[in-house]
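Student: Please walk me through this structure. I want the reasons behind the terms.

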Amino acid sequence: MSKSDAMIEFRDVHKYYGDYHALRGITATIRPGEFFSLLGPSGCGKTTLLRTIAGFEDISSGAVLVDGRDMAGVPANKRPTNMVFQSYAIFPHLSVEENVGFGLRRDPRSKEEKARAVGEALEMVGLKGYGKRAAHALSGGQRQRVALARALILKPKVLLLDEPLSALDKKMREQMQMELIKLQRQVGITFILVTHDQEEALVMSDRIAVMFEGEIAQLADPETLYRRPNSRKVADFIGTMNFLPAKVLEEGPEAVEIEAAGFGRIHVEASQVMGKTTPEGATVGFRPETLTILYDGNAATDRESMGTIDEVVYFGDMTYYDVRIDGTDAPVRISMRNVFGRPVLDIGARARVGWSPGALVLFR
Amino acid sequence: MASNGGTGGGSGRSEAASGLLLISPPLVYAVLLLAAPLFMVVVYSLSLEGGGFGLANYVTVWTDRINRLLMLRSLTVSLSVTLVTVVLAYPVAYFVSFHVKPEKKALWLFLITIPFWTSYLIRVFLWKVILGYNGVINSGLMELGIISEPLQAINYNVQALVITLAHAYAPFAILPIFVALEKIDRSFLEAGRDLGESQFMTFLRVTLPLSMPGVIAAVLIVFIPTVGDYVTPDLIGGGKLPMIANRIEGTMLKQNNRELGSAIAVSAMMVVAAVSVIFLLVNRRFLRGTK
């Protein structure tokens, strides 16, 4: 792989803590200028993997390359990466500007130039004029901005973000997500974000690696992950998905004919089939928004089924219905955008459910 | 804090009252056994021989060359002890905090306090045996033919005093420094490394300043009691190296001059307080803003 299309390269990275196998053969490439996320539940190894890039964790075998250079034996302070810590790690004994300028000690520039660089970095993160403040007097959001400025002022090739938004409240988190995206576009540096929040990963990333138990389960852009999750596990972790058992009737090289209770016979294109063919049964997956409740006067969709409403969850802009399709055991979740003048249905009401075979995925 | 106090004055007052009740036994104890005697000493120091009150005793204390000399020796000894103790305690505390496995730390702290299992007098005598004219070190070195006559540098002098006291106070210095080091979030050290500093520079720029509250506590804990130490100069110095406390004892008991003895005691206290306050002021930037 040439230098220009891989900023980070993991080559069969393994990490053991004693007997515990924390990273199980990670092989992946992160492109320059990309906003990349490592997503997974706690304990899946995402933070460990991030720390192998920073140089805080040794790897047991394999290789980690940054900009084409093998990082084996390179200490953390000599790596072209900087990190925003989960706790932000803002030095409490230093002022804001001393924190931001911490890494400039050996910078050959004059004192005045360094002070200007610190001022610019603070302005970039929206903290102009905060330089003289004591670090311990800052709010969580401000600490995070200081941590960002402190890392970005060193112009790293890669910025590592270890769950930087998890300590903020929802509103602040959403605001910082937008700011981080803008900042990343502005500086053009590769950002690698560790998060357990699938929504955060979908909103912010160019590409996402979903990790389970020390392995990358799927690496793709957000839309592919959402529409074409390659396993039930990934589908379940990212958003909500309805799973229905299905029976394979006919199997061809380009399509599969299946039958799912309540939905009848379905023709599934090969591109919608995830996983290798196994003789056991298959599972059909539907996102809640690919199913629609049809009101009177709605044009008929590709396919229709009848069902009874089991549960209604009202969200303001959306309503979630759990609908039990006739002939099935478990209800499916359907999300509907609320439209003015269209009533929210009641529990127990009968409903026509419209769906399209093109919107489903088949897990083998 | 202020907002907590504002939740109704009545409940706040009764809370304060029950708090006062809770601390009253030690409070009474402290007033009777600490504040009252201290007050008596101050009163004595201001009483004049012919009745009435005045500063004459203090004038006598400070015009006496011997008092000034002994005060200076006390300060020299205790400052040296403080320096030696804290400089030697820091690496021990650092080692236990950073390099000992968490489950073994309690054991290490326990081992550090083992010297306290022996009486202080016995420990002082042991040092006398080790450092004395015919002590372990001198006879050992002579046996080996390294020296031909006993070293004068280690017995009955200030060095011997400093060695003995530094050993005695080591745990007092290790523990506060250890606590300060334990409180440092390890991500600060990773941040230091991440921002391009070597391990040593990270220590200087992050670990050391963040552990300063512990160092300051250690300095005060060692400095304040050693100035007034009374047993060690008597035993190690063999009566030839009195410090200010020995002078106070001599004046108060042997010469039965309570007024002058009290004046020396209060003067020594003032000097210790002044040195401590100056030290705290110099280091106040390390104490502000600690979480």
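Tutor: We take the strands, then one helix, then the contact between chains. This is a predicted model: local features need pLDDT of at least 70, side-chain atom pairs count only at pLDDT 80 or more, and totals for chains, interfaces and linings use all residues. Residues are numbered from 1 along each chain as its sequence is written, while chains are lettered from A and ligands numbered from 1 in the order in which they are written.

Student: What makes β1 and β4 of chain A a pair?

Tutor: Strands pair if DSSP finds at least two bridges between them. Strands are DSSP runs of E, at least two residues long, and helices are runs of H or I, at least four, all numbered from the N terminus. β1(A) (residues 8-17) and β4(A) (residues 61-66) share five bridges, so they pair, and they run antiparallel. One bridge links A:Glu9 to A:Leu65.

Student: How do you know that β4(A) also pairs with β5(A)?

Tutor: Two bridges join β4(A) to β5(A) (residues 69-70), so the cut-off is met. A:Leu65 has A:Asp70 as its bridge partner in β5(A). In this hairpin, with two residues between the strands, A:Asp67 takes a positive phi near 50 degrees.

Student: Why are β16 and β19 of chain A said to stand at the edges?

Tutor: The open sheet has the order β16-β20-β17-β18-β19, with antiparallel pairing. β16 (292-294) and β19 (332-337) each have a single partner strand, so one side of each is left without a neighbour in the sheet. Inside the sheet, β17(A) (residues 303-314) and β20(A) (residues 350-355) pair over six bridges. A:Ser305 and A:Val353 are bridge partners there.

Student: How do you know that the length of α3(A) agrees with its expected span?

Tutor: The expected span is 1.5 Å times one less than the number of residues. For the 14 residues of α3(A) (residues 111-124), that gives 20 Å, and the end C-alpha atoms are 20 Å apart, so the two agree.

Student: Which residues of α3(A) are called buried?

Tutor: They are A:Val118, A:Ala121 and A:Leu122. Buried means 20 or more other C-beta atoms within 10 Å of a residue's own; exposed means 12 or fewer, and partly exposed lies in between, with C-beta atoms placed from the backbone. The face turned away from the buried side carries exposed A:Glu112, A:Glu113, A:Arg116 and A:Glu123.

Student: What makes two residues count as a contact between chains A and B?

Tutor: Their C-beta atoms, placed from the backbone, lie within 7 Å. The contact takes 19 residues from chain A and 18 residues from chain B.
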